[in-house]
Amino acid sequence: MKVVRPPVLAGCAVVLLVLCGVAGASATKRPDPGARVPYTSLELVLERGQVRATPLGAPAAGGGITGATAALAAVLAGATTPAAPAAGAAAKHALSFPQALAKLAANNEITAATASADVGAWNAARESEKQLSGTREFELGAVIGTLRGIARSGKLTPARLPALILTLQNNRQWWTSGPLLADDQRVGFAGSHLVWEFYPAQGLQIQWLGTFGAANGFWDEGDAADLGALIDQALSLAVTRGGGIAWEYDFSFDGGAPPWVSGITQGTAVEALTHAATLLDNAVYLTDANDALGIFQVAPPTGIAAATAAGARYLIYSFAPHEYVINAFIQSLIGLYDLGYQGDTLAQTLFQRGSAQARLDLPNYNTGFWSMYDQRSESNLSYHELLTGFLQTLCAQTEETTPAALRVLGTTGPAPSGGSTGSTGSTSTGGTTGPSGTTGASGTSGSSGASGASGASGASGSSGASGVSANPNAIYCKTAAAFTKDLRQAPVIKIDPLGAARAHHVTHARFTLSKISNVTFAVLYAGKEVSAKTELLGHGTHSLAWRPPHAGLWTIALTAVDLAGNRTQRTAPVTVEAKSAG
C-alpha cells in the first residue's frame with residue numbers, strides 16, 4: 001500500500017501498502033523552531049498558516065482552482081476533463097534544474113512563460129531554504145535535491161513539471177508556515193483534495209494511493225462535486241509513461257530512484273476514474289482510464305507488467321521486478337475489472353491475463369493459518385485484513401453473471417447491453433495507513449484451550465483444493481473465507497522432543513509455529529517463572545536457547561499470541577542433570 005517496509009520477520013521484510021518514508025539523518029544545525037505535532041490518523045490541512053485536522057478525503061476548505069462548487073459547475077456545463085499530458089523530450093543529462101528548464105524552453109517543449117514561472121518557484125524555494133534551520137531547512141532542501149537529481153539524470157520532461165513544481169511550492173509553504181510533523185503523517189492543503197504524506201528526509205510528497213483512495217471514498221458517498229474536483233486535479237498532474245498516462249512517485253524508496261510507479265496505485269486510479277465516469281455521467285473519464293492502462297502492458301522499469309506463461313503479474317513497484325506483493329496484484333485486478341465492466345476491451349484483456357496468473361499464485365500466499373505478504377513474509381494484521389477485503393471484492397466481481405461481467409471474465413455469453421451500469425462496488429480506499437496493527441493485541445483473552453486444536457494444521461490444504469471447482473475464479477471466494485477464518489484461529493505450537501540438558505550448559509528448545517505471533521518463551525522451576533522473553537516470530541521452525549542455572553525438573557512454556565489477539569500455550573518438562581565433573 002501505506003504501501004513500506006515493516007518489521008523484518010524470519011529474515012525477510014514485510015512491505016506496507018502506504019509507501020512509508022526512508023529514514024534519514026536529521027539536521028540539527030540549530031534547534032527546530034515550533035513544536036512537533038504528534039502523529040494522527042486524521043489529515044492535517046494547512047490553510048493561511050493554521051492547521052486543522054480532518055478525516056482523510058474530507059471536503060477541502062478555502063478557495064482555489066479545485067474548489068468543489070466550481071468543479072461541479074464545470075461538469076454540469078459540459079466541460080471536458082484535462083487533456084492528457086504532452087509527451088515532450090527530456091532535457092539532457094548533467095544540467096541544473098534551471099538549466100534543464102531553459103533547455104526545454106529552447107526546444108519549444110515548454111513555453112518561455114512556463115519556464116520563467118518555474119524558475120521563479122525554484123529560486124523562491126532556494127531563498128526560503130537559506131532562511132530556515134534544523135528539520136525545516138533539511139526537509140525543504142531534500143525536495144530541492146530531488147528536483148536537482150531528476151534534472152541531472154536527464155529525466156525532466158514537460159509532463160513531469162506540474163507535479164514537481166507543485167511539490168516544491170507546497171513544501172516551501174509547509175516548512176515556512178506549518179508545524180513540524182511526525183513520521184508518515186498525512187497532510188493536505190486548502191482548496192485541494194490531494195493527499196500528501198511526510199516522508200522523513202524527503203519532505204512532503206503526493207500520496208497517490210491515498211489520493212485515489214479518497215476519490216473512491218467520495219464515490220462511496222455519492223459526492224459528485226468533490227470526486228470530480230479531485231479527479232480533475234489528479235489528471236492535471238499525470239505524466240506520460242508506458243504509452244499512456246501514469247501517476248509517479250517523485251522520491252526515493254526501498255532502493256528505487258524517482259520517478260517510479262506502482263501497480264496498486266495505478267489500479268486504484270483506474271478504479272477511481274471509472275467511478276467518476278459513472279457518478280458524473282462523463283464518458284471522458286473512461287477515456288482517461290483507458291489511457292492509464294499503458295503501464296499494465298509494459299515491463300519494468302517503465303511499466304509494472306511481468307509476463308508469465310499463464311498471463312502476467314502486475315507489480316507493486318516498477319523498480320522491483322521480482323517483488324510479488326499479492327494485495328497489490330489483487331487490487332490492480334479490481335480496477336481493471338471495473339473498467340472492463342464498462343466495455344473497455346483492453347481492460348478486459350489485461351484483467352484476464354492477470355487473473356489467470358493470480359489464480360495460480362494465490363495458494364502460495366495461504367499458509368493455512370495466515371496470509372503471506374510477498375514470497376517471503378507473512379502479512380501484518382493491517383495487510384491481512386486489507387487482502388481479505390480485496391479478495392471479497394474480487395469474489396463478488398467474479399461471481400457476477402451479467403453479460404458485462406461475463407465479457408470481463410472471458411466467458412462466452414450474450415453481448416453486453418449499451419447501458420453502462422455502475423461497477424460492482426469495489427471501493428478500495430487505499431487507506432492502508434501503516435503497520436500499527438502489527439503491534440498486536442497481546443491481551444490475555446484466555447482461550448488457551450484452543451491450543452488443543454493442533455490438528456487444524458491440516459487446514460492448510462483447503463485453499464489449494466479450489467482448483468477442482470468448475471469455476472476457476474472460486475479460489476478468490478475460498479481464499480477470502482479462509483483468511484477471514486484465520487482472524488479467529490489460534491496459533492498452533494508443536495514442541496520437538498527435548499534432548500538431555502545439563503546445568504550451566506546452553507540448551508535449545510526447538511518448535512514449530514503455525515502463524516506469525518508474539519511468542520513468549522518462559523522457563524519455570526517449581527512452578528515459578530525464572531526468566532521469560534518475547535519475540536515476534538513468523539510461521540515455521542524456530543529454536544530458542546537457554547542456560548539452566550542448576551539441576552532439577554524444569555518446565556519450558558511457550559505462549560503465542562497472533563496479530564489478531566488469539567492465544568495458545570504449550571509446555572514441556574525438562575530434566576536438567578548436574579554439571580559433569582571435570
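Where is Glu323 found? In this predicted model, Glu323 sits in the loop that runs between strand 13 (312-314) and helix 10 (326-341). A loop residue can be buried or exposed, and here the relative accessible area is 5%, so Glu323 counts as buried. The side chain of Glu323 isn't left without a partner: it makes a polar contact with the side chain of Arg376, at 2.7 Å.

Next come the helix pairs. Two packed helices are described by the angle between their axes and the distance between the axes. For helix 3 (residues 112-131) and helix 5 (residues 161-177), the axes come within 10 Å and cross at roughly 30°. Angles under 35 degrees count as roughly parallel, and helix 3 and helix 5 are therefore roughly parallel to each other. The crossing of helix 3 past helix 5 is left-handed. On the helix 3 side, the residues that meet helix 5 are Asp118, Ala121, Trp122, Ala124, Ala125 and Ser128. Their counterparts in helix 5 are Leu161, Ile165, Leu168, Gln169, Arg172 and Thr176. Sorted by class, this contact of helix 3 with helix 5 has seven nonpolar residues, three polar ones and two charged ones.

A second pair is made up of helix 6 (residues 208-220) and helix 8 (residues 263-280), whose axes come within 9 Å and cross at roughly 25°. With the cut-off for roughly parallel set at angles under 35 degrees, helix 6 and helix 8 are therefore also described as roughly parallel to each other. Helix 6 goes past helix 8 in a left-handed crossing. Helix 6 brings Trp208, Leu209, Phe212, Gly213, Ala215, Asn216 and Trp219 to the contact. From helix 8 come Ile264, Thr265, Thr268, Ala269, Glu271, Ala272, His275, Thr278 and Leu279. The residues in the contact of helix 6 with helix 8 split into nine nonpolar, six polar and one charged.

Helix 13 (residues 403-409) is worth a look through two of its residues, Leu409 and Ala405. How accessible is Ala405? The relative accessibility of Ala405 is 0%, so this residue counts as buried. Leu409, at 16% relative accessibility, counts as buried as well. Both residues have partners from elsewhere along the chain. Setting aside residues up to four places away in sequence, Ala405 touches Tyr337, Tyr341 and Glu400. With neighbours within four places likewise left out, Leu409 is in contact with Tyr337, Phe351, Gln352, Thr398, Glu400 and Asn473. Tyr337 and Glu400 thus turn up among the partners of Ala405 and among those of Leu409. Some C-alpha distances fill in the picture. Leu409 and Phe351 are 58 residues apart in sequence, yet their C-alpha atoms are 7.7 Å apart in space. Ala405 and Gly343 are 62 residues apart along the chain, with 9.4 Å between their C-alpha atoms.

Thr484 belongs to helix 15 (residues 474-486). At 26% relative accessibility, Thr484 counts as partly exposed. A polar atom of the Thr484 side chain lies 2.8 Å from the backbone oxygen of Ala480. Once neighbours within four places in sequence are put aside, Thr484 is in contact with Thr388 and Gln392. Another residue to compare is Glu385, which is 99 residues from Thr484 along the chain, while the C-alpha atoms of the two are separated by 8.1 Å.

Finally, the backbone has a few oddities. Most residues other than glycine have a negative phi, and most peptide bonds are trans. Which peptide bonds are cis? One joins Pro258 to Pro259, with omega near -5°, and another joins Pro300 and Pro301, with omega about 10°. Pro259 lies in the loop between strand 11 (244-246) and helix 8, while Pro301 has its place in the loop between helix 9 (284-291) and strand 12 (305-307).

Positive phi values turn up at two alanines. Ala201, though not a glycine, has a positive phi of about 75°, and this residue lies in the loop between strand 8 (196-199) and strand 9 (203-206). For Ala526, phi is near 55°, again positive in a residue other than glycine. Ala526 is part of the loop between strand 17 (517-525) and strand 18 (528-537). The relative accessible area of Ala526 is 66%, so Ala526 is exposed.

Terms used. Residues are numbered from 1 along each chain as its sequence is written. This is a predicted model: local features need pLDDT of at least 70, side-chain atom pairs count only at pLDDT 80 or more; totals for chains, interfaces and linings use all residues. Side-chain values use heavy atoms; hydrogens and water are left out. Axes are lines fitted to C-alpha atoms, for helices over the stretch in contact, and angles run from 0 to 180 degrees between N-to-C directions. Helices (H or I, at least four residues) and strands (E, at least two) are DSSP runs, numbered from the N terminus. Angles under 35 degrees count as roughly parallel, over 145 as roughly antiparallel, 65 to 115 as roughly perpendicular and the rest as oblique. A crossing is left-handed if the near helix is turned anticlockwise from the far one by less than a right angle, and right-handed if clockwise. Contact means heavy atoms within 4.5 Å. Ala, Val, Leu, Ile, Met, Phe, Trp, Tyr, Cys and Pro count as nonpolar, Asp, Glu, Lys and Arg as charged, and the others, Gly among them, as polar. Buried means under 20% relative accessible area, exposed over 50%, partly exposed in between (1.4 Å probe, protein chains only). A polar contact is a pair of N or O atoms within 3.5 Å; within protein, one must be able to donate a hydrogen and the other to accept it, and residues adjacent in sequence count only if both atoms are side-chain atoms.
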